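User: Please show me how to read residue contacts, nonpolar cores and pockets in a structure, taking one feature at a time.

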Amino acid sequence: GSEQEKKAAATVEVEGIPFPREIAGAKALSLVGHGVTDIEIHFLQIKFNAVGVYLDVDGAMEHLQGWKGKSQLMEDEAFFDALVSAPVEKVLRVVVIKEIKGSQYGVQLESSVRDRLVAADKYEDDEEEALEKVSDFFQSKYFRPGSVVTFHFPATPTAASEITFVTEGKEEAKVAVENAAVAEMIQRWYLGGESAVSQTTVRSIADSFAAMLSSP
């Protein structure tokens with residue numbers, strides 16, 4: 001195989017944006033799902049971001065043995081709950097397709113995460129403060145196409161999660177998310193099954209795991 005072919009095999013393209021099939025974490029993390037966030041306006045599909053979901057597959061599989069041989073994972077809320085709560089390292093890589101202000105993304109994240117916290121009866125002062133810190137982080141950012149937001153969730157839920165923003169010509173910016181409930185709901189925003197922000201991504205995750213859980 002040529003270098004070109006090897007490179008193609010090592011990445012997956014989402015709307016022309018290459019996502020490596022594997023990234024380095026504490027262990028190697030595999031791409032288990034990808035898709036886009038989009039909206040339809042007057043029958044026109046507007047794509048905002050490409051999304052790639054990485055995690056420690058071996059670790060996750062141990063926690064998902066209850067779904068062995070099941071093929072209908074997309075409608076299975078319990079499966080996505082188990083995926084979110086699995087104590088394995090996870091990374092969400094979000095690459096900007098459509099130029100917007102970071103504050104617009106921050107507001108979407110904040111309102112979705114707040115709604116989820118309120119619904120779960122977990123929205124106290126600590127959560128409000130932690131969420132505000134995340135929202136503030138995005139206030140000053142500008143989402144040029146190709147900018148990357150990375151959410152890193154460590155294997156131990158008590159350890160701080162981290163959000164990184166990289167855009168051309170600027171230093172990498174980071175913010176820690178020390179509140180476990182906020183970190184969990186950010187995961188759910190992207191990984192929460194039917195309530196997730198990117199349905200193409202969760203469908204892709206469901207298909208990946210259905211295939212892995214059905215193989216002997």
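Analyst: Contact here means heavy atoms within 4.5 Å, and, not counting residues up to four places away in sequence, Ser-198 touches Gly-35, Val-36 and Thr-37. This is a predicted model, in which local features need pLDDT of at least 70 and side-chain atom pairs count only at pLDDT 80 or more, whereas totals for chains, interfaces and linings use all residues. Residues are numbered from 1 along each chain as its sequence is written, and side-chain values use heavy atoms, with hydrogens and water left out.

User: Where does Ser-198 lie, and which polar contact joins its side chain to that of another residue?

Analyst: A polar contact is a pair of N or O atoms within 3.5 Å, one able to donate a hydrogen and the other to accept it, and residues adjacent in sequence count only if both atoms are side-chain atoms. Ser-198 sits in the loop between α6 and α7, helices being DSSP runs of H or I of at least four residues and strands E runs of at least two, numbered from the N terminus. Its side chain makes a polar contact of 2.6 Å with the side chain of Thr-201, and a polar atom of the Ser-198 side chain also lies 2.6 Å from the backbone oxygen of Val-36.

User: Is Ser-198 buried or exposed?

Analyst: Buried means under 20% relative accessible area, exposed over 50%, and partly exposed in between, with a 1.4 Å probe and protein chains only. Ser-198 has a relative accessible area of 0%, so it counts as buried.

User: Which residues touch the most other members of the largest nonpolar core?

Analyst: A nonpolar core is a set of buried Ala, Val, Leu, Ile, Met, Phe, Trp, Tyr and Cys residues joined through side-chain atoms within 4.5 Å. Among the 56 residues of the largest one, Tyr-105, Leu-109, Phe-151, Ile-163 and Phe-209 touch the most other members, and the largest share, eight residues, comes from α6. A second, separate core holds 12 residues, including Leu-31, Val-36, Tyr-54 and Val-95.

User: In helix α3, which residues are buried, and what covers them?

Analyst: Within α3 (residues 77-85), Phe-79, Phe-80, Ala-82, Leu-83 and Val-84 are buried. Their cover includes strands β5 (44-55) and β6 (90-96) together with helices α6 (180-191) and α7 (199-214).

User: Which element gives the most to the lining of the largest pocket?

Analyst: Helix α6 gives the most, with five residues, and α3 and α6 each supply at least two.
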